[in-house]
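The following paragraphs guide a new reader through a single protein structure. Please keep the sequence and the model in view while reading.

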Amino acid sequence: LQPERAWQAEVTTTFTQEAVSLRLTGFANWIDNYIAGLTFIAANPNNRLFSQAFRRYDHVGQAFIGGVEASGKAVLTESLELRGTLTWQQGRAIDLQDWLPFMPPLQGTLRVQ
């Protein structure tokens, strides 16, 4: 298989004011020659001896992965801070017109330090 080729772009902006700081980042990845597993024999649960599916890895064309991350910090007192992050990403196999598997869901954290 020929190797994948990828291009990445990222844009970040920050805002800071006395006790509050915020950061927002957006990113995009374009991938040519995206390699993925393709099922060529489906699983057969009725076959007790060998019910597994068969897959081969091949190029499926172009893919796109994009997402955003937001983070912030607020100083509440001299010894107390509030910190949080929120991340989201999504991927798509363009030639297959299908979503990429194993993308993490929307994630967020909030903590007091």
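In this predicted model, Arg5 is partly exposed, because its relative accessibility is 45%. The side chain of Arg5 takes part in a salt bridge with that of Asp32, with a distance of 3.7 Å from N to O. Arg5 belongs to strand β1, which covers residues 5-17, and Asp32 belongs to strand β2, so the salt bridge ties together parts that lie 27 residues apart in sequence. The partner, Asp32, counts as buried because its relative accessible area is 15%, which is under the cut-off of 20%.

How many salt bridges does the structure hold? There are four. Another of them is formed by Lys73 and Glu81, whose closest N and O atoms are 3.9 Å apart. Lys73 is partly exposed, since its relative accessibility is 28%. Glu81 also meets the side chain of Arg83 in a salt bridge, here with 2.9 Å from N to O. Arg83 likewise has a relative accessible area of 28% and is therefore partly exposed. Through shared partners, the salt bridges join Lys73, Glu81 and Arg83 into one network.

From charged pairs the description turns to the nonpolar surface. Leu24, Val68, Leu86, Trp88 and Leu106 make a nonpolar surface patch of about 470 Å². One of these residues, Leu24, is located in strand β2, which spans residues 20-32. Leu24 has a relative accessible area of 46% and is therefore partly exposed. A patch residue must have over 30% relative accessible area, and the 46% of Leu24 meets this requirement.

The next topic is the space enclosed by the protein surface. Rolling a probe the size of a water molecule over the atoms shows where empty space is left. The largest pocket found here has a volume of about 250 Å³. It is lined by 14 residues, and those closest to its centre are Ala36, Gly37, Arg55, Trp99 and Pro101. Three elements give two or more residues to this lining, namely β3 (35-41), β4 (54-59) and β7 (98-99). Which strand provides the largest share of the lining? That share, three residues, comes from β3. By residue type, the lining of the largest pocket comprises 11 nonpolar residues, one polar residue and two charged residues.

Two residues are notable for their backbone angles. Asn33 is not a glycine, yet it has a positive phi of about 60°. Asn33 is placed in the loop that runs between β2 and β3, and it counts as buried because its relative accessibility is 18%. Gln97, also not a glycine, has a positive phi of about 50°. Gln97 is found in the loop between β6, residues 80-93, and β7. Is Gln97 buried or exposed? With a relative accessible area of 64%, Gln97 is exposed, because exposed means over 50%.

Distances between C-alpha atoms help to relate positions along the chain to positions in space. Gly66 is part of strand β5, which covers residues 63-77. At a relative accessibility of 8%, Gly66 is buried. Although 37 residues separate Gly66 from Asn29 in sequence, their C-alpha atoms are 6.2 Å apart in space.

Tyr57 offers a further example. Tyr57 lies in strand β4, and it is exposed because its relative accessibility is 57%. Between Tyr57 and Ala43, which are 14 residues apart in sequence, the C-alpha to C-alpha distance is 17 Å. Ala43 has its place in the loop between β3 and β4 and counts as partly exposed, since its relative accessibility is 49%.

Ala43 also leads back to a residue of the nonpolar patch. The C-alpha atoms of Ala43 and Leu24 are separated by 43 Å, while the two residues are 19 residues apart along the chain. Leu24, as described above, contributes to the nonpolar surface patch together with Val68, Leu86, Trp88 and Leu106.

Definitions and conventions: Residues are numbered from 1 along each chain as its sequence is written. This is a predicted model: local features need pLDDT of at least 70, side-chain atom pairs count only at pLDDT 80 or more; totals for chains, interfaces and linings use all residues. Side-chain values use heavy atoms; hydrogens and water are left out. Patches are made of residues with over 30% relative accessible area and no salt bridge: like charges are joined within 9 Å, nonpolar side chains (Val, Leu, Ile, Met, Phe, Trp, Tyr) within 5 Å. Accessible areas come from the Shrake-Rupley method with a 1.4 Å probe; for residues, only the protein chains shown count as cover. Helices (H or I, at least four residues) and strands (E, at least two) are DSSP runs, numbered from the N terminus. Buried means under 20% relative accessible area, exposed over 50%, partly exposed in between (1.4 Å probe, protein chains only). On a 1 Å grid over the protein atoms alone, a cavity is a set of points where a 1.4 Å probe fits but cannot get out, and a pocket is an open set with protein on both sides within 12 Å along at least five of seven lines; lining residues have an atom within 4 Å of a point. Grid points are joined across faces, edges and corners, and a volume is the space filled by probe spheres set on the points. Ala, Val, Leu, Ile, Met, Phe, Trp, Tyr, Cys and Pro count as nonpolar, Asp, Glu, Lys and Arg as charged, and the others, Gly among them, as polar.
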